[in-house]
Amino acid sequence: MIELLQGLLLVTGSLFMLIAALGIVRLPDLLTRMHASTKGASLGVMLLMAAVALHFLEEVVFARTIAITFFVLLTAPVAAHVIGRAGYFVGIELWKGTLKDELRPNYNPLSHRLHSGLKKPAKESETDALRDGRSEGGKGDSDTRA
Amino acid sequence: MQILIHLSFAILAISLVLCFVRLVIGPSLPDRVVALELLSMIIVGIIGVHALQSDETSFLDVAIVVALMSFLATVGFARFLERGGRRDD
């Protein structure tokens, strides 16, 4: 019985890994590729580690597999966020079928400043002037440094 | 059971090859970093299946280390991409 469950977990986990790899080859865009790889690979690692824990049935192995699972669950979203942010700033091309890029109208790529859409209609000219002045003074030299 | 383990190895190997294809043809550096991250995830899975096949629990420590290294590499690459190579801190 345990063997059957273990084999099922093994094959399912490997299939999720295969789905993640297929997604990373087939999907058109950095962000969609990330969406495939992060979730599919996390679930695949979790299932494979469950199979390993079922095979050994010892406390030490339980601790290690749970450690691996939690580590993957903690780090995969953080890594995806960080690399997606870096890719957006570098200026990757989005997919042609992208319907909405909500960051583009509210974000100034030169000064790296984000202003919320709520404040904009009230005093647009003043905040814009303030933002430009600040970007020339404070942020400008940091941009040239970076 | 052995058949299922071998089948799992075969599927994981196919995923490695597909991931490597993206690593080679990826048009930009972020694509390649995402492919590398998935590659290390698949390697963690392969190490788990190998530990299961060989009845050796100490391979699981290797899996932990590989997961840690992949996270650190991704964060390092992201910092490198955002700052353009030179850091001012």
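## A tour that starts at helix H1 of chain B

Begin by selecting H1 of chain B and then what surrounds its buried residues: the cover includes H1 of chain A together with helix H2 (29-54) of chain B. Keep in mind as you go that this is a predicted model.

**Stop 1: the buried residues of H1(B).** Colour B:Ile5, B:Ser8, B:Ile11, B:Leu12, B:Ser15, B:Leu18, B:Cys19 and B:Arg22, which are the buried residues to look for in H1(B). As you turn the helix, it helps to recall that an α-helix has 3.6 residues a turn, so residues three or four places apart point the same way.

Now put a distance between the two ends of this helix. H1 of chain B covers residues 2-25, and its 24 residues should span 34 Å because each residue is expected to add 1.5 Å; the end C-alpha atoms are 35 Å apart, which agrees.

**Stop 2: where the chains meet.** Show both chains and select the residues in contact: 46 from chain A and 43 from chain B. On the chain A side, the elements giving two or more residues are helix H1 (2-26), helix H2 (30-56) and helix H3 (59-90). Which of them gives the largest share of that side? Select H3(A), and you have the answer, with 16 residues. Colouring the chain A side by class brings up 33 nonpolar, 9 polar and 4 charged residues.

**Stop 3: chain A as a whole.** Hide chain B for a moment. Chain A has 4 helices and 2 strands, and from the N terminus on you can follow them in the order α-α-α-β-β-α. Of the 146 residues in chain A, 29% are buried. If you draw the contacts in chain A between residues at least 6 apart in sequence, 56% of them join residues at least 24 apart.

**Stop 4: the annotated spans.** An unreviewed UniProt entry places the feature "transmembrane region" at residues 6-28, 40-57 and 63-83 of chain A. Select residues 6-28 of chain A: this span is 91% helix and 0% strand, with its end C-alpha atoms 35 Å apart. Move on to residues 63-83 of chain A, where the chain is 100% helix and 0% strand and the end C-alpha atoms lie 30 Å apart.

**Stop 5: B:Phe80.** Bring chain B back and find B:Phe80 in helix H3 (residues 59-83) of that chain. Is B:Phe80 buried, exposed or partly exposed? B:Phe80 counts as partly exposed, because 15 C-beta neighbours lie inside 10 Å. To finish, draw a line from B:Phe80 to B:Ile25: the two are 55 residues apart along the chain, and their C-alpha atoms are separated by 21 Å.

Key
Residues numbered from 1 in each chain as written. Chains lettered and ligands numbered in written order. Predicted model: local features only at pLDDT ≥ 70, side-chain atom pairs only at ≥ 80, totals over all residues. Contact = placed C-beta atoms within 7 Å. Nonpolar A, V, L, I, M, F, W, Y, C, P; charged D, E, K, R; others polar. UniProt positions renumbered as here; feature names shortened; annotations may be inferred. Expected span 1.5 Å × (residues − 1). Buried ≥ 20, exposed ≤ 12 C-beta atoms within 10 Å, placed from the backbone.
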